[in-house]
Amino acid sequence: MAGLATFTLLYATQAILPYFTRDYGISPAEAALSVSMATAGLGVGLIFAVPVSERIGRVRLIRWSLILASLLALVVAFLPSWPLFLWARFIMGFVLAGLPATAAVYLKEEIHRTYVSAATGIYIFGTTLGGLSGRVLSALTIEVANQWGYAGTGVLSESHLALFVTALLALGCAVGCWVLLPESRGFVPHFDAPRELMRKFGRAFRDPVLLGLYAIGGLGMGTFVGAFNSLAFRLEAAPYLLSVGAMGLIYFVYPIAGVGSIVAGRLGGRYSLRAVMPYGPLVAVIGILLMGLTHLFWIVLGIAILSVGFFMSHSLASTWVAQRASASVGVPAQAASMYMLVYYAGSSINGNLAPLAWELQGWSGVTMLSLVFMGTAFVISVLLARSRPLVR
């Protein structure tokens, strides 16, 4: 439920970006800022979420983060000004940082290490359901509203109506998470001075393997979000001319991707994280190449394969960061936070670069940019596979 609420709110705008271009008279790259500002806010929030969780506990932070962000999302749905809308999305993303900053560490603290890789894969599957729900629900809300003759009002346009509905779903999940999330048993509070906090964050950058894992997360997330941000503009244009509801159905590739994260987690636990890691970027590259073809079947298959490869990489990298940081630098929470910071920086940067590449070079520009990002991730993962293991 926590993953569902967080990523529903974060990506509710992605499937309806063309509506923002028409509602506000802006370019595709500007419309993509509705995603990038939220992920940028989340990235900044990660810096503060970790020390807060060290003081008040992981569970308390997750609960309040979800409730407050869901309430903010309800407010966002009523903002008519584009600059105000973007800044409100930034603040909502900042508040949402409580879960991504602490989830991997919470699982490591509470679950036996034999099962933590599989548990992390299941958590990431929950985040894929959130990504699916945010995109599909917003798209289908507009599709149904159009069929019922809803043309928007002075209070809620079609796009804002979609955001209001997704905010209600997130609020319900946040309430459920508040009730059901188990209290921490392995958590020990830490009350560090600001100087000590800075020292701990600095230690998270001392291990070259951790730096490589941060880069894989950022490159993978940038490729993934950039492709999806651009895809809606490609498929609404000729020769496809898909409606927003039809485009929303494409996001049902997410459960397939989520299964990939679970399988990768289990394989990583059975063999080793370093042995399985290179396969994620390699699978993603295959998906990128298929998306470059013109037939809709290959495009959908390609985005599905890209999603599988990305979530394989993310599941393995986030698990490896928590384990490696504990063994090498002793600051797993700070390392997990830095991983997610780079992860969402990749989303914010390429989330806007890819639509800009679409404007300038069409889908060939998006393909080349995606191949550069994911190809670099593959090279790094191969180098990491040769690193010295610290955790068996």
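**Figure 1. The buried surface between domain 1 and domain 2.** In this predicted model, the two domains hide about 4100 Å² between them, and 69% of that area sits on carbon and sulfur atoms. On the domain 1 side, the residues that give up the most area to domain 2 are S117, I124 and L132, which together make up 12% of what that side buries. Counting residues instead of area, 52 from domain 1 are in contact with 51 from domain 2.

**Figure 2. Where the two domains lie along the chain.** Domain 1 covers residues 1-183, and domain 2 covers 192-391. Their centres, taken over C-alpha atoms, are 19 Å apart.

**Figure 3. Polar links across the interface.** How many salt bridges are there between domain 1 and domain 2? Just one salt bridge is counted. As for salt bridges in the model, E236 pairs up with R22, with 3.4 Å between the closest N and O atoms. Polar contacts across the interface of the two domains come to 11 residue pairs, with both partners at pLDDT 80 or more.

**Figure 4. Helices on the domain 1 face.** Which helices supply at least two residues each to the side of domain 1 that touches domain 2? They are α1 (2-10), α2 (17-24), α3 (28-31), α4 (33-56), α7 (98-110) and α8 (116-147). Helix α8 brings the largest share, with 18 residues. Sorted by type, the residues of this face are 33 nonpolar, 12 polar and seven charged.

**Figure 5. Backbone details between α11 and α12.** The loop between α11 (208-236) and α12 (244-249) is home to P239, and L241 is found in that loop too. What kind of peptide bond joins A238 and P239? That bond is cis, with omega at about 5°. L241 has a positive phi, near 55°, despite being a residue other than glycine.

**Figure 6. Stepping back to the whole chain.** Now for the overall fold: the protein chain has 18 helices and zero strands. Its C-alpha trace spans about 60 × 40 × 35 Å along the principal axes. The radius of gyration is 20 Å, which agrees with the value near 21 Å that a compact globule of 392 residues would have.

Technical notes: Residues numbered from 1 in each chain as written. Predicted model: local features only at pLDDT ≥ 70, side-chain atom pairs only at ≥ 80, totals over all residues. Heavy atoms only, no water. Domains from an automatic or database assignment. Contact = heavy atoms within 4.5 Å. Buried area = accessible area lost by both parts, 1.4 Å probe. Salt bridge = Lys/Arg side-chain N within 4 Å of Asp/Glu carboxyl O. Polar contact = N/O pair within 3.5 Å; in protein donor to acceptor, adjacent residues only side chain to side chain. Helix = DSSP H or I, 4+ residues; strand = E, 2+ residues; numbered from the N terminus. Nonpolar A, V, L, I, M, F, W, Y, C, P; charged D, E, K, R; others polar. Rg over C-alpha atoms; globule rule 2.2 N^0.38 Å.
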